[in-house]
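These are my notebook entries from a reading of one structure. I went from confidence to sheets, and then to helix packing.

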Amino acid sequence: MRRRAGQRPGEQIRAGQAGAEFDRAEVGTRHGGDALVSRRGALRALAAGAAALACGVGGCSRRDGAGGSATIEIWTLALSPFFDNYIKGRIEAFEAATPGVRVTWVDVPYDALQRKLIAAAAAGKMPDVVNLPDLSFARFVALGALRPIDAELDFDPASVYLESALTMCRMERGERMELYALPWYVSPQATLINTKLIEAGGLTLEGDGASGLSRHWLGLLGQAAEYKNRTQEFLFSQSLGEESQLPIMLLAEGLVPLRETPEGLRANLKDPAITAYMERWAAAFREGVLPRAAATIGHSHLTEMYQQGRVAVIATGPQFLDRIRKAAPSVYETTAVREGVSGALGRNHMPVMVLGVSSATTRPREAAALAAWMTSAASQLEFCRVVPIMPSTKATLNDPYFVDPPRPEEGVIGEARRVIAASLSKSVAFTASLETWPDLRRAFQEEFKRVMTDGRDVGEAMGRVEREWDVLLKSAPRATLRSVPRPGRVESRGGERSRLVDRTGGTPVPPGKGDAGRSGRIA
Amino acid sequence: VSTARNHHPLTPYAFLAPASVVLAIFILGAALQVVWFSFTSYSAFTPAEFVGVANYRELLTKDLFLICLLNSAAYLFVTPVIVVLSLLAAIAVDARLRALPGLRLLLFLPVVTPAVVGALAWRLVFDENNGLLNDALGVVGIEPVRWLSERPWTLMSAMLVTAWKGFGFYMMVFLAGLLTVPRDLREAAAIDGATRPQVFWTVTLPALRPSLVLVVVVSSISALKVFDEVFVTIAGAPITHQTAVPLIYQLAFERGQFGLASAAGVLLFVVILAFSIVNMRLSAGRKA
């Protein structure tokens with residue numbers, strides 16, 4: 001298997017052949033007489049050039065090899081060059097286990113995925129399997145880029161994958177919920193805490209509230225104002241404008257921004273509780289309790305500011321710990337990990353990476369088999385050993401790697417794995433499985449940016465967003481609240497072990513994984 | 001030795017053909033395709049569906065496109081800044097300031113710096129909490145400016161990057177123009193008692209008129225279709241703070257609405273075409 005940047009090998013060969021034709025035409029005329037370019041030579045050159053262009057534009061590659069073998073292409077997101085060995089190893093194992101199927105792997109940068117996928121579709125060169133983040137997944141389903149895969153699988157996905165992650169991959173089609181992707185790795189949010197900074201601000205890791213660092217968004221917001229007064233620094237930040245997390249945080253608070261009507265889902269943003277919640281965040285931003293980057297820079301500002309020691313607390317995926325370890329060892333050394341900051345429901349958000357099968361594939365069965373292979377328990381366990389992510393497969397979580405305490409030499413990263421594995425039972429993929437969800441979020445974030453940067457009134461802004469949401473929801477396939485994560489509240493006892501009162505979307509994992517990381521400080 | 005075969009009537013066309021084919025496919029063909037897409041609902045994943053003028057109606061009846069187009073028009077204010085800066089730079093370089101031997105190189109450096117790299121560096125300068133600029137303003141007691149999030153600073157920040165990136169190129173245009181101004185004319189004016197500013201206004205500047213027209217036309221068209229500087233410098237600011245081309249990008253590549261994006265592209269093309277025609281007519285009128 002050879003990794004390629006973008007072009008298929010067939011194209012290069014054919015385009016090269018056409019180029020050779022052009023060279024021969026040119027050379028032939030040079031040796032043929034006095035004229036620089038004869039009529040025949042010119043026509044040959046034109047024909048060769050046109051052939052080369054036609055190959056480039058229309059595509060000359062064949063999917064199937066000469067020996068009847070099928071070649072399927074998989075796109076992953078920002079995994080190369082760090083995980084080349086892992087991906088290549090899994091693909092080689094798949095090829096060995098699936099005779100007659102060859103796999104081509106293409107890795108695309110995270111920010112370029114949408115652009116490249118749309119361009120590939122326009123050129124008729126869609127991959128067969130594509131790795132998507134949860135935020136883009138619904139958009140590509142809506143655009144018709146993915147196909148349902150229930151019929152292509154020879155196993156019951158519900159028996160393999162965590163329920164919350166799997167629910168996010170299903171889309172409502174009338175009464176049915178069709179599966180459009182398989183969940184790959186998940187990265188439930190963890191709270192990274194710079195212990196030196198919070199101590200300087202008069203806060204401790206013990207307890208929840210008062211002088212104990214709060215575990216909830218609104219509690220943190222209150223502490224951030226005091227922290228700012230005391231230190232002139234920021235306690236924490238969150239992406240409120242660009243890549244706004246507020247719609248997800250609303251769901252985590254148990255405030256559902258959608259309501260069900262006989263005509264389908266409609267916006268519920270003028271709900272006084274929702275408006276009040278938004279006003280809290282807008283006010284905190286305007287008062288300077290949160291950094292300005294909260295409005296205009298997405299998630300990247302969290303890790304950057306944390307590494308620079310400019311915020312004391314962030315909620316992010318555990319995979320960023322490795323980056324912090326390399327970029328800011330002194331910050332890493334003072335970092336403690338707790339389970340993710342949550343809303344009133346006590347559940348933290350769990351972003352999910354998925355593998356979908358392209359609607360353009362001519363080999364849906366093989367493509368689905370590859371997606372299942374890459375997301376299998378064995379593949380995910382191996383992946384988790386390479387990078388601090390969490391698996392979406394139930395069986396993987398029973399492995400001693402997640403059950404046993406981390407080795408001391410694993411440091412903060414090992415502790416993070418323990419904390420996150422323990423919190424998986426409460427984690428929920430709060431991304432709604434609605435085709436309109438990306439557009440709803442975009443409409444929301446554009447308006448909320450203007451609340452923060454242009455000083456718009458929150459109530460009026462929510463009214464405007466509600467009208468835009470209703471237009472979007474009316475024009476989309478009918479959906480119900482089944483597609484909106486509304487898990488039950490987690491009841492805490494003494495801030496230690498949690499009891500689940502799950503309605504939907506909770507993630508069942510074997511009990512007894514402990515409540516690692518609650519005590520905070522890591523040696 | 002010239003022969004009849006050397007002047008075969010097809011020879012020039014054969015030379016032109018490869019470039020013409022490439023241009024026809026990648027420029028003209030693509031442009032015509034965009035016009036077609038502008039009348040369709042097209043997402044790249046499903047076949048284009050003809051919707052008439054619905055995309056144009058949506059763009060022209062909602063605020064978003066018009067606001068971004070107005071921002072593009074406001075961006076034209078960068079043109080006079082660029083003209084003045086590049087002219088001053090050209091005069092400084094032309095005066096062969098001995099104290100600054102690397103001046104031309106220094107002033108031209110932003111032109112060869114990739115726009116994205118430049119814009120990212122400027123983002124650090126503009127950072128609202130810890131940026132160099134706000135720190136410097138703080139030293140003299142000025143409150144922090146919201147360079148990257150509040151109007152009108154967002155657009156002005158991007159314009160500053162455009163001016164920084166572009167003025168070196170236009171400086172070279174003016175420099176070439178200055179070299180064509182006869183030195184004896186300036187000397188004659190000086191002998192007749194004209195002061196330096198008078199020589200500049202009455203001799204040098206009129207002689208630079210062709211260069212001036214070129215710089216104004218090219219820089220204003222560039223301002224109307226600016227993308228990199230806005231897209232990177234004020235990334236994350238509300239789209240209503242940005243110009244038309246970033247909106248087109250968002251419609252096409254973030255929302256997958258190629259039909260709507262194509263219609264916006266066609267409308268922007270019409271605006272730029274009209275602007276260019278007016279610009280050229282005015283220039284031609286002044287010549288007459």
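The entries below record what I looked up, grouped by topic.

**Entry 1. Confidence and overall make-up**

I noted at the outset that this is a predicted model. I therefore took up the confidence scores before any geometry, because predicted coordinates should not be read in detail where pLDDT is low.

For chain A, I found an average pLDDT of 82, with 80% of the residues scoring at least 70. I then asked where in chain A confidence is lowest and where it is highest. The lowest value belongs to helix H1 (residues 9-32) of chain A, with a mean of 32, and the highest to strand E8 (residues 234-236) of chain A, at 97. I marked residues 45-63 of chain A as well, where the pLDDT is below 50; this stretch has 30 contacts in the model beyond near neighbours in sequence. I marked residues 493-523 of chain A for a pLDDT that stays under 50, although the model has 83 contacts for them beyond four places in sequence.

I listed 22 helices and 15 strands in chain A. Of its 523 residues, I recorded 57% as buried. I also looked up the contacts in chain A with a separation of 6 or more: residues 24 or more positions apart account for 73% of them.

**Entry 2. The five-stranded sheet of chain A**

I traced an open sheet of five strands in chain A, in the order E2-E1-E3-E13-E6, with mixed pairing. I asked which strands stand at its edges. They are strand E2 (101-108) and strand E6 (181-186) of chain A; each has a single partner strand, so one side of each is left without a neighbour in the sheet. Neighbouring strands of this sheet are turned by 25° against each other on average, direction ignored.

I followed one pairing in detail. Strand E1 (residues 70-77) of chain A pairs with E2(A) in the parallel sense, over eight bridges. Along this pairing, I found Thr71(A) opposite Arg102(A) of E2(A), and Ile72(A) opposite Val103(A) of E2(A).

I then checked whether E2(A), an edge strand, is enclosed or open to its surroundings. Seven of the eight residues of E2(A) are buried, so the strand is largely enclosed by the rest of the structure.

**Entry 3. The four-stranded sheet of chain A**

I traced an open sheet of four strands in chain A, ordered E8-E11-E7-E12, again with mixed pairing. The edge strands are E8 and strand E12 (335-339) of chain A, each pairing on one side only. From one strand to the next, the twist averages 20°.

I took strand E7 (residues 190-194) of chain A as the point of reference. E7(A) pairs with E12(A) in the antiparallel sense over five bridges, and with E11(A), also antiparallel, over four bridges. I located Ile193(A) opposite Ala336(A) in E12(A), and Thr191(A) with Ala315(A) as its bridge partner in E11(A).

I asked how many residues of E7(A) are buried. The count is five of five. I recorded Ala190(A), Leu192(A) and Asn194(A) on one side of E7(A), with Thr191(A) and Ile193(A) on the other, and both faces are covered. I set this beside the general rule that side chains in a regular strand alternate between the two faces of the sheet.

I also noted helix H9 (residues 217-231) of chain A, which lies across E8 and strand E11 (311-316) of chain A and runs at about 165° to E8(A).

**Entry 4. A helix pair between chains A and B**

I looked up helix H4 (residues 113-122) of chain A against helix H13 (residues 244-254) of chain B. They pack at an angle of about 65°, with their axes 9 Å apart. H4(A) and H13(B) are therefore roughly perpendicular to each other.

I listed the residues that meet: Gln114(A), Arg115(A) and Ile118(A) from H4(A), and Tyr249(B), Ala252(B), Phe253(B) and Glu254(B) from H13(B). By class, I recorded four nonpolar, one polar and two charged residues in this contact.

**Entry 5. One leucine of chain B**

I last looked up Leu32(B), which is found in helix H1 (residues 11-37) of chain B. Is Leu32(B) buried or exposed? Its relative accessible area is 55%, so Leu32(B) is exposed. I also recorded its separation from Pro80(B): 48 residues in sequence and 34 Å in space, C-alpha to C-alpha.

Key:
Residues are numbered from 1 along each chain as its sequence is written. Chains are lettered from A and ligands numbered from 1 in the order in which they are written. Side-chain values use heavy atoms; hydrogens and water are left out. Two strands pair if DSSP finds at least two bridges between them. Helices (H or I, at least four residues) and strands (E, at least two) are DSSP runs, numbered from the N terminus. Axes are lines fitted to C-alpha atoms, for helices over the stretch in contact, and angles run from 0 to 180 degrees between N-to-C directions. Angles under 35 degrees count as roughly parallel, over 145 as roughly antiparallel, 65 to 115 as roughly perpendicular and the rest as oblique. Contact means heavy atoms within 4.5 Å. Ala, Val, Leu, Ile, Met, Phe, Trp, Tyr, Cys and Pro count as nonpolar, Asp, Glu, Lys and Arg as charged, and the others, Gly among them, as polar. Buried means under 20% relative accessible area, exposed over 50%, partly exposed in between (1.4 Å probe, protein chains only). pLDDT is the predictor's confidence in each residue, from 0 to 100.
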